[in-house]
Amino acid sequence: AHNGYVLSVAFSPDSKMLASGSNDKTIKLWDTTNGKELKTLNGHNNAVWTVVFSPDGKTLASGSRDNTIKIWDINNGKEIRTLLGHTNLIKSIAFSPDGKTLASGSFDKTIKIWDAVSGKLLRTLTGHISEIWSVAFSPDGKTLASGSDDYTIKIWDIQNGNELKKLLSKGNSVYSVAFSPD
């Protein structure tokens with residue numbers, strides 16, 4: 001149903017819905033029980049590279065090549081707010097486990113930490129020297145991992161923004177990061 005490549009997909013927490021982001025500038029919401037399209041979300045001015053549901057499944061966040069993050073109400077498909085601050089493509093976004101915080105990783109080499117409810121920028125994490133491909137919260141929400149084209153994974157303290165650890169990937173870009181449940 002997209003008029004371009006699908007760049008990102010995400011399941012809702014209850015697995016009843018799937019969101020897909022595309023280079024056709026849209027997000028589509030799908031019913032996973034019957035495969036039918038539920039809604040099309042329009043609002044980005046360029047390709048949608050990342051989509052993620054909030055832990056309660058009531059909102060969806062999307063990041064785009066238009067340098068914006070949009071927060072959407074899943075029930076009515078309306079845009080709640082736009083988060084501005086990155087100067088390049090947003091490649092990865094993640095909600096904290098409690099849904100109160102949102103992290104975004106960008107090709108502008110920064111990670112931004114946002115209040116997911118108000119949309120306020122809380123802090124900017126710098127330290128990568130190349131594009132950031134992936135961000136992921138730890139299960140307790142206290143730390144964040146980021147993967148970059150600079151061949152590193154960095155672990156960050158969310159409260160103060162300090163870099164806790166730097167892991168080297170031996171000459172390869174890091175396209176995806178994740179924490180184990182424990």
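When I say contact, I mean heavy atoms within 4.5 Å. Keep in mind that this is a predicted model.

I'll start with V51. Leaving out residues up to four places away in sequence, V51 touches S8, V9, A10, A19, G21, I27, L60, A61 and S62. V51 also belongs to the largest nonpolar core, and so do A10, A19, I27 and L60 from that contact list. The core has 12 residues; the others are M17, L29, L41, V48, F53, W72 and I74.

Which strands each supply at least two residues of this core? They are β2, residues 17-22, β3, residues 26-31, and β5, residues 48-53. β5 gives the most, with 3 residues. As general background, nonpolar side chains in soluble globular proteins tend to be buried together.

Now the aromatics. There are 2 aromatic pairs in the structure. One of them is W133 with Y175: the ring centres are 4.7 Å apart and the planes stand at 90 degrees, so this pair is edge-to-face, the cut-off for that being over 60. The pair links distant parts of the chain, with the two positions 42 residues apart in numbering. W133 sits in strand β13, residues 132-137, while Y175 lies in the segment after β16, which is residues 163-168.

Are these two residues buried or exposed? W133 has a relative accessible area of 22%, which makes W133 partly exposed. Y175 is at 52% and counts as exposed, because the threshold is over 50%.

Last item: F107 comes in as well, since ring pairs link F107, W133 and Y175 into a cluster.

Definitions and conventions: Residues numbered from 1 in each chain as written. Predicted model: local features only at pLDDT ≥ 70, side-chain atom pairs only at ≥ 80, totals over all residues. Heavy atoms only, no water. Core = buried A, V, L, I, M, F, W, Y, C linked by side-chain atoms within 4.5 Å. Buried < 20%, exposed > 50% of the residue type's maximum accessible area, 1.4 Å probe, protein only. Helix = DSSP H or I, 4+ residues; strand = E, 2+ residues; numbered from the N terminus. Phe/Tyr/Trp six-rings, centres within 6.5 Å; stacked < 30°, edge-to-face > 60°.
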